[in-house]
Amino acid sequence: MDIYAKKLKIGGAYLVSGQAIQALIAFGVNLVLVRFLAPEDFGRFALILAGATVVYSIFSLRINVLIIRTDATDLDAGAKERFLSALGWETIFSTILILVWIYFSHEFGPWEVALILAIGLRHWTDNNKAVFERRMPYRRLAIIETGTMTASNILALVLVVSGMNWKVLFVREIFLSAALFVTFALSGGLTFSRFKFLSVEEWQGLFRDARGIWLDSVLEGSFQRITILLAGFIGGERIAGFIFQAQRLAIVPNQFLSPIASRVAGNWFARIEDRTKRIAGRDRLLLYMFFPLLIGGVLTFLFADPVVPWLFGEKWRPASELFASMAGLVVFLSMFETIKAYCWVAKQTRWLLIGRAFQYGGLLACFGLGVMGAIEPAIALALGLSVSYGLAFVVVFCILRIVERDHG
């Protein structure tokens with residue numbers, strides 16, 4: 001067993017365990033929050049978060065991916081300074097732009113401003129820690145991420161039980177961002193270098209290296225949030241709240257699998273030079289994930305109706321049909337994340353972009369049926385998530401297999 005495969009298994013065990021704890025605690029706390037807060041409270045929070053995340057996806061070069069996939073010999077002090085300076089500028093610019101947006105959208109208040117600043121801080125922290133993550137210190141990463149996430153959820157639980165209203169959603173995000181920054185900084189997980197202005201040539205070089213990842217990131221970030229924005233369009237904050245909670249339930253399996261599906265797998269793909277071995281590892285991982293996820297999707301479709309009202313209460317019953325319609329999201333999200341990580345590392349983002357086109361096409365086709373009245377609009381939107389991720393995964397995987405077969 002080579003050193004990277006060994007680190008993959010050990011690191012994956014730590015991250016999966018940590019992610020499982022995070023997912024269970026977050027799920028449990030959410031069960032309490034939905035009893036105290038209205039769908040409109042979640043919808044308002046989700047709409048602000050969605051708009052902000054779209055902006056960051058547009059103006060982010062995905063510095064963390066560039067750092068992860070850069071060869072060790074090329075990642076010298078100058079390269080780190082260039083990467084981290086670009087990260088600083090993109091964070092500053094995006095944060096200012098979002099603040100201007102919420103000002104003119106009449107959502108400009110102290111809680112909204114604090115939330116935007118917290119999102120900016122987390123964006124910087126998540127990208128900066130890639131220098132540290134290259135060394136695969138997954139035990140420390142798992143401890144930090146699980147500890148901060150647990151603390152933020154416990155804080156939210158205490159506050160909502162004590163009588164705090166919708167503000168608890170904002171407090172949780174603000175506390176989590178601050179805790180991640182402080183903990184990573186104190187543990188040596190963040191890299192600080194000289195902050196400088198970059199030349200036009202340096203920006204051009206970064207964008208040239210990141211353009212495939214950047215375009216996919218824009219499409220991904222926009223897609224993840226467009227569902228919430230479309231939900232707000234067709235039904236306001238209430239429908240957005242139902243969609244938000246149904247989607248939150250549907251991504252629970254991915255919360256358990258995401259450490260393997262994207263982070264550890266992507267790091268491993270980047271370290272394996274043997275193309276045949278890398279392809280075999282990718283396909284084996286996809287096969288291991290498929291059958292458990294398929295079972296999860298079937299159970300979602302069959303038992304969403306009794307489970308959602310039992311967990312959340314009768315006022316959330318409309319979310320049950322939405323959740324059942326997202327069975328395809330349960331099955332294909334983690335598998336698509338794995339294929340995405342492979343394409344990013346193997347520099348085959350052109351196939352990923354074709355998959356993204358089908359992803360958007362599937363969502364918009366279903367939404368169009370809802371607008372025309374063929375399907376109830378909210379159901380159409382939820383069904384669109386299932387169709388979109390299924391189409392995206394199947395298209396990209398088939399293209400990769402054809403290309404790999406043609407090239408031996």
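## Exercises on helix packing, cavities and one loop residue

**Exercise 1.** Show why helices H2 and H8 of this predicted model are classed as oblique to each other.

*Solution.*
- Step 1: Find the two elements. H2 covers residues 39–59 and H8 covers residues 167–186.
- Step 2: Take the distance and the angle. The two axes come within 9 Å and cross at roughly 40°.
- Step 3: Apply the cut-offs. Under 35 degrees would count as roughly parallel, and 65 to 115 as roughly perpendicular. At roughly 40°, H2 and H8 are therefore oblique to each other.
- Step 4: List the contact residues. H2 contributes Asp41, Phe42, Arg44, Phe45 and Ile48, while H8 contributes Leu169, Phe170 and Glu173.
- Step 5: Sort them by class. This contact of H2 with H8 has five nonpolar and three charged residues, with no polar ones.

**Exercise 2.** Determine how far the predicted coordinates can be relied on along the chain, using pLDDT.

*Solution.*
- Step 1: Start with the whole chain. Its mean pLDDT is 86, and 96% of its residues reach 70 or more.
- Step 2: Find the extremes. Confidence is highest in H8, at a mean of 95, and lowest in H10, at 75.
- Step 3: Recall the general caution. Predicted coordinates should not be read in detail where pLDDT is low.

**Exercise 3.** Describe the largest pocket by its volume and by the residues that line it.

*Solution.*
- Step 1: Give the volume. The largest pocket holds about 510 Å³ of space.
- Step 2: Find the residues at its centre. Of the 22 lining residues, Arg69, Thr70, Asp71, Ala72 and Asp74 lie nearest the centre.
- Step 3: Assign the lining to elements. Two or more residues come from each of H3 (63–69), H4 (77–104), H9 (200–250) and H10 (252–271).
- Step 4: Sort by class. The lining has ten nonpolar, ten charged and two polar residues.

**Exercise 4.** Which helix gives the most to the lining of the second largest cavity?

*Solution.*
- Step 1: Place the cavity among the others. The whole structure has three cavities of 30 Å³ or more, and the second largest has a volume of about 60 Å³.
- Step 2: Inspect its lining, which includes Ala23, Phe27, Asn30, Arg248, Val252 and Phe312.
- Step 3: Compare the helices. H1 (3–36), H9 and H10 each supply at least two lining residues, and H1 gives the most, with four.
- Step 4: Sort by class. Six lining residues are nonpolar, three are polar and one is charged.

**Exercise 5.** Where does threonine 191 lie, and which residues does it contact beyond its sequence neighbours?

*Solution.*
- Step 1: Locate the residue. Threonine 191 sits in the loop between H8 and H9.
- Step 2: Leave out neighbours within four places in sequence. Threonine 191 then has contacts with Leu84, Asn128 and Val131.
- Step 3: Relate threonine 191 to aspartate 74. The two are 117 residues apart in sequence, and their C-alpha atoms are 17 Å apart in space.

Definitions and conventions: Residues numbered from 1 in each chain as written. Predicted model: local features only at pLDDT ≥ 70, side-chain atom pairs only at ≥ 80, totals over all residues. Heavy atoms only, no water. Axes fitted to C-alpha atoms, helices over the stretch in contact; angles between N-to-C directions. Parallel < 35°, antiparallel > 145°, perpendicular 65-115°, else oblique. Contact = heavy atoms within 4.5 Å. Nonpolar A, V, L, I, M, F, W, Y, C, P; charged D, E, K, R; others polar. 1 Å grid on protein atoms, 1.4 Å probe; cavity = no way out; pocket = protein on both sides within 12 Å on 5 of 7 lines; lining within 4 Å. Points joined across faces, edges and corners; volume = space filled by probe spheres on them. pLDDT = per-residue confidence, 0-100.
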